[in-house]
Amino acid sequence: MTERIVVVAAALYDGDRLLAARRSAPAELAGRWELPGGKVERGESPEQALSRELHEELGVAAEVVERVPGEWPLKPPYVLQAYRARLLPDSPDPRPLQDHDELRWLTPEQIWDVRWLDQDVPAVREALRGAGLSRCAAPSRGATSREAPAAAPQRSPGSS
């Protein structure tokens, strides 16, 4: 039996805005949007892995708040787990450092304006539901294929 590999993703919030990251690699995922994160390495907890991945990929210091209920299959042997997280007060703003070429803070009305990776859609829905944004949790059919104009990934003054 193949060992299961956990991939963690951050539903990273600034108020009610959710951070989305556009993949630049690998080629089959480039141009699609995801919740940032990565693989849990041997000896790490999922929370430690997510903090490490957010620092490596976005240059931020973040606090993992809670796990989003559910687990979603990826290409075997990978499974996706999502966690709600927030930037620490002294964290720099996120920047696309690895595997991404653009970041966007999406308001609840903009959540489905980007073309999410198929495997991230159920995690995004569940993260929104748990954040009290369930009115945004179910996109209309085809809504994930639209692209919105670029928005600069900046935190609101005084946010944490």
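Start with the charged side chains: a search of this whole predicted model finds 15 salt bridges. Show the Lys, Arg, Asp and Glu side chains as sticks, and we can visit a few of these pairs.

**Stop 1: a bridge between distant parts of the chain**

Select E3 and R42. Their side chains meet in a salt bridge, with 3.9 Å from N to O. The two partners are 39 residues apart, and the pair links distant parts of the chain. E3 sits in the segment before strand 1, while R42 belongs to the loop between strand 4 (37-39) and helix 1 (46-58). Is E3 buried or exposed? With a relative accessible area of 53%, E3 is exposed. R42 is exposed too, at 76%.

**Stop 2: a buried bridge**

Now select D14 and R17. Here the side chains form a salt bridge at 2.4 Å, N to O. Turn on a surface and look for both residues: D14 has a relative accessible area of 4%, so it is buried. R17 has 16%, and because buried means under 20%, R17 counts as buried as well. Keep this pair selected in a saved view, as we will come back to it.

**Stop 3: a partly exposed bridge and a network**

Move on to R67 and E71. Their side chains meet in a salt bridge of 3.8 Å, N to O. R67 is partly exposed at 37% relative accessible area, and E71 is partly exposed at 34%. Next, select R22, D101, E102 and R104 together: salt bridges that share partners join these four into one network.

**Stop 4: strand 1 and its partners**

Switch to a cartoon view and colour strand 1, residues 5-14. This strand is mostly covered, with 9 of its 10 residues buried. Which strands does strand 1 pair with? Take them one at a time.

- Strand 7 (78-87): the two strands run parallel and pair over 9 bridges. To find the register, select V8 and look opposite it for Q81 in strand 7.
- Strand 4: this pairing is antiparallel, over 3 bridges. Select A9, and its bridge partner in strand 4 is G37.
- Strand 2 (17-23): 2 bridges join it to strand 1, and the two run antiparallel. D14 has R17 as its bridge partner in strand 2.

That last pair is the one from your saved view: D14 and R17 are strand bridge partners, and their side chains also meet in the salt bridge. Strands 1 and 2 form a hairpin with 2 residues between them. Zoom in on G15 in the turn, where phi is positive at about 65°.

While the sheet is on screen, watch the side chains. In a regular strand they alternate between the two faces of the sheet.

**Stop 5: the nonpolar cores**

Hide the charged side chains and turn to the largest nonpolar core, which has 22 residues. Select L18, L35, I111, W112, W116 and V124, the members that touch the most other members. The elements giving two or more residues to this core are strand 1, strand 2, strand 7 and helix 2 (121-130). Which element gives the most? Helix 2 does, with 5 residues.

Apart from this core lies another, made of 18 residues, including L50, L54, V79 and L87. Give it a second colour.

Then centre on L35 in the largest core. Leaving aside its neighbours within four places in sequence, L35 is in contact with A9, A10, A11, L18, L19, W116, D120, A123 and V124. A9 is a residue you have already met, as the bridge partner of G37.

**Stop 6: unusual backbone spots**

Finish with the backbone shown as sticks. Select A25 and P26: the peptide bond between them is cis, with omega near -10°. P26 lies in the loop between strand 2 and strand 3 (33-34).

Where is P77? Look in the loop between strand 6 (72-73) and strand 7. The peptide bond from P76 to P77 is cis, with omega near 10°.

The last selection is D99, in the loop between strand 7 and strand 8 (100-106). Its phi is near 65°, a positive value in a residue other than glycine. With 33% relative accessibility, D99 counts as partly exposed.

Technical notes
Residues are numbered from 1 along each chain as its sequence is written. This is a predicted model: local features need pLDDT of at least 70, side-chain atom pairs count only at pLDDT 80 or more; totals for chains, interfaces and linings use all residues. Side-chain values use heavy atoms; hydrogens and water are left out. A nonpolar core is a set of buried Ala, Val, Leu, Ile, Met, Phe, Trp, Tyr and Cys residues joined through side-chain atoms within 4.5 Å. Buried means under 20% relative accessible area, exposed over 50%, partly exposed in between (1.4 Å probe, protein chains only). Helices (H or I, at least four residues) and strands (E, at least two) are DSSP runs, numbered from the N terminus. Contact means heavy atoms within 4.5 Å. Two strands pair if DSSP finds at least two bridges between them.
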